Amino acid sequence: MAKIVRVGLLGLGTVGSGVFEHFQKGAGRPFGIELKTVAVANPKKERDVKVPKLTKDVNKILDDPEIDIVIELIGGIDPAKEYIEKALRNRKNVVTANKAVLARYAKGLFALARKQNVDLAFEASVGGGIPIIQLFRTLRGEKITKVMGILNGTTNYILTKMEEGLTFGKALNDAQKRGFAEKNHILDTGGFDARDKLAILTMLIYNTYVDPQNILCEGITKITTVDLDFANRYGEFEGGISYTVKLLAIAQKENGILHLRVHPALIRKTHPLANVTDEFNAIYFEGELAGAQLHTGRGAGKNATTSAVFSDILRVANNIRRGTPGFLPTLDAKVSFGNADTLIRPGYLRMDLLNEPGSGAEMFGIFAKHKLNVRNSIERHKYSYQYRRKEFVPDITNIDAASEKVIKEAIFDLKKSKRVRGKPMFIRFED
Ligand code: HSE
């Protein structure tokens with residue numbers, strides 16, 4: 001008879017309650033796994049799930065010699081990081097969905113897990129129900145030159161619904177109700193959640209640590225229906241092909257330099273990532289031997305994430321019985337990271353222009369000053385509006401590939417112009 005593996009669960013939010021319900025339905029039984037204790041910050045809080053003997057005392061899990069695996073589903077850095085560390089120090093295996101903690105502290109935590117000869121499993125931290133972590137562990141002998149991912153379900157859901165005509169606010173509200181969004185939605189909409197996930201994937205693929213704060217990161221908060229409408233109708237203006245806007249997380253190796261970035265991007269409607277809608281995530285990558293692959297599935301939400309957590313629990317239980325923890329990268333490979341300013345991409349600049357003679361000339365003058373080559377420019381009068389008794393009209397100007405540094409300098413000058421309202425938005429094209 002195989003050893004019964006006992007688990008303790010920290011947190012009963014969307015994912016925590018999904019995992020609890022899964023155990024309640026008997027999912028652990030065929031595998032000899034028992035959920036012993038559940039701890040939450042506030043046991044008195046009204047919940048949909050009814051948990052007998054809910055405790056507030058995390059040490060009833062962290063110090064319980066019978067518990068083999070601690071499942072950390074609290075989210076956020078404090079106190080989750082402290083609990084993960086304590087569990088590892090107590091020689092307990094840890095399963096976590098915590099991308100924020102991993103993106104920042106993986107190096108120390110991996111070293112601690114290795115020293116204690118226990119597992120630290122984190123399948124649910126990236127890609128929800130898609131086994132992305134397992135995939136890249138398996139492919140660690142591959143040379144991967146390019147990764148393009150849709151790694152945040154909330155923003156993908158919002159962009160999909162905005163294309164269908166919903167406002168940003170309504171779409172965000174729906175995503176929150178469906179349990180996709182983080183407690184602080186800026187983590188999703190600001191691109192930070194996707195950035196942390198890109199950092200985790202980079203660790204696995206390139207066996208190196210990257211500080212998420214050093215990754216170029218722009219969210220979707222400034223994407224408007226003007227952008228989505230323009231992308232959709234882009235073929236009418238050039239090339240006959242429609243585009244869509246997606247929040248992409250990209251790792252690209254060129255001449256030995258690794259560029260990492262998260263930003264909204266225009267992609268052709270025929271691109272494999274363009275059909276990834278709602279809360280779905282996807283990861284496209286190019287491997288030297290494996291070639292190009294695309295993996296897609298639900299990236300957020302209770303069931304998909306529970307699936308990932310449960311797959312980790314099974315793997316870790318198996319490792320406990322074999323007496324050997326799973327592989328964790330050492331994160332010590334030397335990798336040269338590219339400076340975001342040197343990145344060269346084509347894109348468009350959208351700005352609200354004063355609808356008076358001379359505004360276009362001023363805008364073109366600024367483009368010329370920064371040696372930006374204009375491909376075409378269109379004013380979308382359908383979206384013009386009054387501000388302080390003046391009319392403003394959104395203008396979209398396509399420019400040939402230019403460096404981020406030059407774009408930033410041009411935006412700085414455009415923003416200073418009295419004929420431009422607010423800050424111009426740059427959206428890059430990606431293939
Ligand atoms: N807030 C995250 C998302 C949850 O929307 O993708 C899954 O990590």
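Ala, Val, Leu, Ile, Met, Phe, Trp, Tyr, Cys and Pro count as nonpolar here, Asp, Glu, Lys and Arg as charged, and the others, Gly among them, as polar. Keep that handy for this predicted model, since two spots below are sorted that way.

Let's start with a pocket. The second largest pocket has a volume of about 520 Å³. It is lined by 20 residues, and those closest to its centre are Glu-218, Ile-411, Lys-423, Pro-424 and Phe-426. Strand S7 (216–217), helix H14 (404–416) and strand S17 (420–429) each give two or more residues to the lining, with H14 giving the largest share, 6 residues.

Next, a pair of helices. The axes of H3 (residues 80–89) and H4 (residues 99–116) come within 10 Å and cross at roughly 10 degrees. Angles under 35 degrees count as roughly parallel, so that is how H3 and H4 run relative to each other. On the H3 side, the contact is made by Ala-80, Lys-81, Ile-84, Glu-85, Leu-88 and Arg-89. H4 brings Val-101, Tyr-105, Leu-109, Leu-112, Ala-113 and Gln-116.

Here is how the residues at both spots divide by class:

| Spot | Nonpolar | Polar | Charged |
|---|---|---|---|
| Lining of the second largest pocket | 9 residues | 4 residues | 7 residues |
| Contact of H3 with H4 | 8 residues | 1 residue | 3 residues |

Finally, have a look at helix H1 (residues 14–24). Its buried residues are Val-15, Gly-16, Ser-17, Gly-18, Val-19, Phe-20 and Phe-23. What covers them includes strands S1 (5–10), S2 (33–39) and S3 (69–72), along with helix H12 (302–322). After H1 comes Gly-26, with a positive phi near 90 degrees.

How values were computed. Residues numbered from 1 in each chain as written. Predicted model: local features only at pLDDT ≥ 70, side-chain atom pairs only at ≥ 80, totals over all residues. Heavy atoms only, no water. Buried < 20%, exposed > 50% of the residue type's maximum accessible area, 1.4 Å probe, protein only. Helix = DSSP H or I, 4+ residues; strand = E, 2+ residues; numbered from the N terminus. Contact = heavy atoms within 4.5 Å. Axes fitted to C-alpha atoms, helices over the stretch in contact; angles between N-to-C directions. Parallel < 35°, antiparallel > 145°, perpendicular 65-115°, else oblique. 1 Å grid on protein atoms, 1.4 Å probe; cavity = no way out; pocket = protein on both sides within 12 Å on 5 of 7 lines; lining within 4 Å. Points joined across faces, edges and corners; volume = space filled by probe spheres on them.
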